[in-house]
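Me: Please take a close look at one part of this model. I want the contacts that one chain makes with its partners, and the strands and helices behind them.

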Amino acid sequence: MIQVGDSLPEWHVEATPTFVISTALATRDFQDVHHDRDLAVSRGSKDIFVNILTTTGLVQRYVTDWAGHDALVREVNIRLGAPCYAYDTLKFFGQVVSREEAGLVIEVVGRVPQGDHVVGTVKIEVAA
Amino acid sequence: MSVSGKAAIAGIGATEFSKESGRSELQLAAEAVRAALADAGLEPSDVDGLVTFTMDTNTEIAVARELGIEELTFFSRVHYGGGAACATVQQAAMAVATGMAEVVVCYRAFNERSGHRFGQVQMAAAGNVDNSWSYPMGLGTPAAMVAMFARRYMHEYGATSEDFGRIAVIDRKHAATNPNAWFHERPITLDDHQSSRWIAEPLRLLDCCQESDGGVALVVTSAERARSLRQSPAVIRAAAQGSGTDQYTMTSYYRDDLTGLPEMGTVARGLWQQAGIGPSDVDVAVLYDHFTPFVLVQLEELGFCPRGEARHFIAGGALELDGELPLNPHGGQLGEAYIHGMNGIAEAVRQLRGTAVNQVAGTDHVLVTAGTGVPTSGLVLGQV
Amino acid sequence: MNEIEKEAARIAEQGESPRRLARDPVNLPMIRNWVEAIGDTNPVYTDPEAAAKSVHEGLVAPPAMAQVWTMYGLNGQRGGDDPLGAMMTVLDDAGFTSVVATNSDQTYHRYLRPDEHVAVTTRLEDVTGPKRTALGEGWFVTTTSTWYVGDEVVAEMRFRVLKFRPAAKPAEAKPVVSTPVIKPAINRDTEYFWEGTRAGELRIQRCGGCGLLRHPPGPMCPECGATKPKYLVSEGRGEVYSYVVHHHPRVPGKEVPFVVALVELEEGVRMLGELTGAAEVRVGLPVEVVFTKVDDELTMPSWRPRA
């Protein structure tokens, strides 16, 4: 039985260049800063970095990996902070913060060495 | 006449610790002071003394205006950056012990990350004649100034970057379980330390404390009055300042020996003499940790281990929460926040109250030190 | 109201863009690419048998893919009627050429199934700025999008991007040669030293009373109390007593990394200076002084390895 206050197990994602590029392309995001390091650097970035659709996907996966295959994701709300660059380790933390009529609200934080990459909430419905 | 046992810290207060407070330094100071008074069960009208750092931008009168404090009979400031931390409490204790004031609040508040950053080269400081022997030569940041000491310490005693890293690992381990810490739930490994980038060799990024926004305040009153207040008092058993021979601010490079902190040795002698205890009586040590190498040197100056042997002392696990000298249970300035040492004094008070998040059982005496590399200060706080 | 705000108001006034159909219907190959890249092993997305037994009673697409179906792709062009594209053009023209996404709030009314064909509409909700951010000055642009299957709303999103003018990198802002150096403060007690460097001499204060050599100097001898300081001219030779390799942050007038060495001179005093030309720096390295003229007023002493 999931309780408000339960923590999700910490999860680490190694943002290798292959990861950054393959996820950008799988989300059909062809912005150069997600696959071309030289251009990313020329635009003021340290390296290529993870795109927002991927962050949304990772947050969804983090919660459903924990909640189970039958959990229904209703909302993913995220705010981005520090970029997640190639070679960063992105560490996810999560906690059940409230129970609503139809389900649960889970707060998720994804951190990189530079700070919080993503802070967000996910609303899910799980079978009783 | 001794000040030992005459005064106590009766209240502690703080803002959140962040990288961008979103408000003025004066607001941070006022919030911290108000929180400390509420913690003590006192009103602003009870306050008649205020003490801060000369580096603090918030004047005593400005803070008094915001709090609605009407009359002040004692106001004082202490010099030399973070070296002032414990000395603010010493000033307050002396004022209380001599009847100059009854309730003195010590405070420090700044937007040290979002505003004026200490980690950058301070062009204003370069205008000081003392600094003209270092800044123009390219030695212009606190990290680089400490690195110069650290390199010589390594050369003489065989200490390594890993030895410094162990301090960072311990601080971050303790911060990981402190919800108020900036690095809550973000412990590091020695490998993380070793792979962090160079700032000023031999110092790596993870040898250097954070830059933080925030404020901390401490309410000092007589030990007698403190006993009638809301919280269990943290009695000031000893409060000492120290400056050494041929002392400079951060660049005391011209002494015979570069591997010690003689000014901290002066503080140590004062503390042990006033408190009537020695290093083996300390239950928890809150040592100033703006840069890791000086934690090793402090352990030696304070008498916890012989010269040059701090690395063995640390590697043996002495500084863990269950070790013989638990270090910075709040995570220190590397892990919790860099509030110029004042947050460490608040942690000492919590350890004595038994309310710390990483509580060390049976704490009777807590040692706190202030900024290193500068004229400095220290405290021994104890139970009633 | 400035030009950017006027344009924003005009685009917002147009309301929802016409529905734009996704290039392809929801399909298993794209789902497989996505779950592989993200590493999501939930079988309801790719395993028909497991999916049939799940609450979905059949294959579904990951909800977070909602936006993926209607992305423009590598060669896709935003139509003139796309409010986000129109606003981006306005900001590009105003010099805010870089973009970074900051917020995405997605609501999924139901899971999508393979072969369903979604269409999207977008509306410009808000444009605020200019704001100073860590990345540079910029504008926050907020849009709302709605995905339909037929007339059924299946997902919605509030999306915010920061369109910014990249802050100039310090390295590019000023070439090293022209960065100001940090100049020493000079007073009566120290001017002899800087007169010396101008003349190519490394001067060490020498007490006129007891002969104590002292650096840094001061007006009164701490040994004998005399206030008649003189100086001698050092041979300028010594050994590295300690050193720092400075990497971060940047220091005016220096190119990182650089070495600052604390040198013990043969006369017995220590002195700081930049050390250049050393292949390998170590404690004990023999060095000698060199003088670098900064301008007519200032000549800096520094160190180089001695043969």
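Reply: What follows is a close look at chain C and its two interfaces.

This is a predicted model, in which local features need pLDDT of at least 70, side-chain atom pairs count only at pLDDT 80 or more, and totals for chains, interfaces and linings use all residues. Residues are numbered from 1 along each chain as its sequence is written, chains are lettered from A and ligands numbered from 1 in the order in which they are written, and side-chain values use heavy atoms, with hydrogens and water left out.

Start with chain A. Here 33 residues of chain A touch 41 residues of chain C, contact being heavy atoms within 4.5 Å. The size of an interface is often given as the accessible area lost when the parts come together. Between chain A and chain C the buried area is about 3100 Å², and carbon and sulfur atoms give 55% of that. Buried area is the accessible area (1.4 Å probe) that two parts lose on being put together, summed over both.

The interface of chain A and chain C has zero salt bridges, a salt bridge being a side-chain nitrogen of Lys or Arg within 4 Å of a carboxyl oxygen of Asp or Glu. Polar contacts number 14 residue pairs between chain A and chain C, both residues at pLDDT 80 or more. A polar contact is a pair of N or O atoms within 3.5 Å; within protein, one must be able to donate a hydrogen and the other to accept it, and residues adjacent in sequence count only if both atoms are side-chain atoms.

On the side of chain A that touches chain C, α1 (17-26), α3 (52-67) and β2 (72-80) of chain A each give two or more residues. Helices (H or I, at least four residues) and strands (E, at least two) are DSSP runs, numbered from the N terminus. α3(A) gives the most, with 10 residues. By class, this side of chain A has 13 nonpolar, 11 polar and nine charged residues. Ala, Val, Leu, Ile, Met, Phe, Trp, Tyr, Cys and Pro count as nonpolar, Asp, Glu, Lys and Arg as charged, and the others, Gly among them, as polar.

Strand pairing also joins these chains. β2(A) runs antiparallel to strand β2 (residues 98-108) of chain C, over five bridges. Two strands pair if DSSP finds at least two bridges between them. A:Glu75 has C:Thr107 as its bridge partner in β2(C). Within chain A, β2(A) also pairs with strand β5 (residues 115-125), antiparallel over eight bridges. There A:Leu72 is partnered by A:Glu125.

Now chain B. It brings 35 residues to the contact, and chain C brings 34. The area buried between chain B and chain C is about 3100 Å², with 67% from carbon and sulfur atoms. Salt bridges between chain B and chain C number zero. The rule finds 14 residue pairs in polar contact across the interface of chain B and chain C, both at pLDDT 80 or more. α4 (142-157) and β5 (198-201) of chain B each supply at least two residues of the side that touches chain C. α4(B) has the largest share, seven residues. That side of chain B holds 19 nonpolar, nine polar and seven charged residues.

Here too strands pair between chains. β5(B) and strand β9 (residues 237-246) of chain C run antiparallel, joined by two bridges. B:Ala200 is opposite C:His246 in β9(C).
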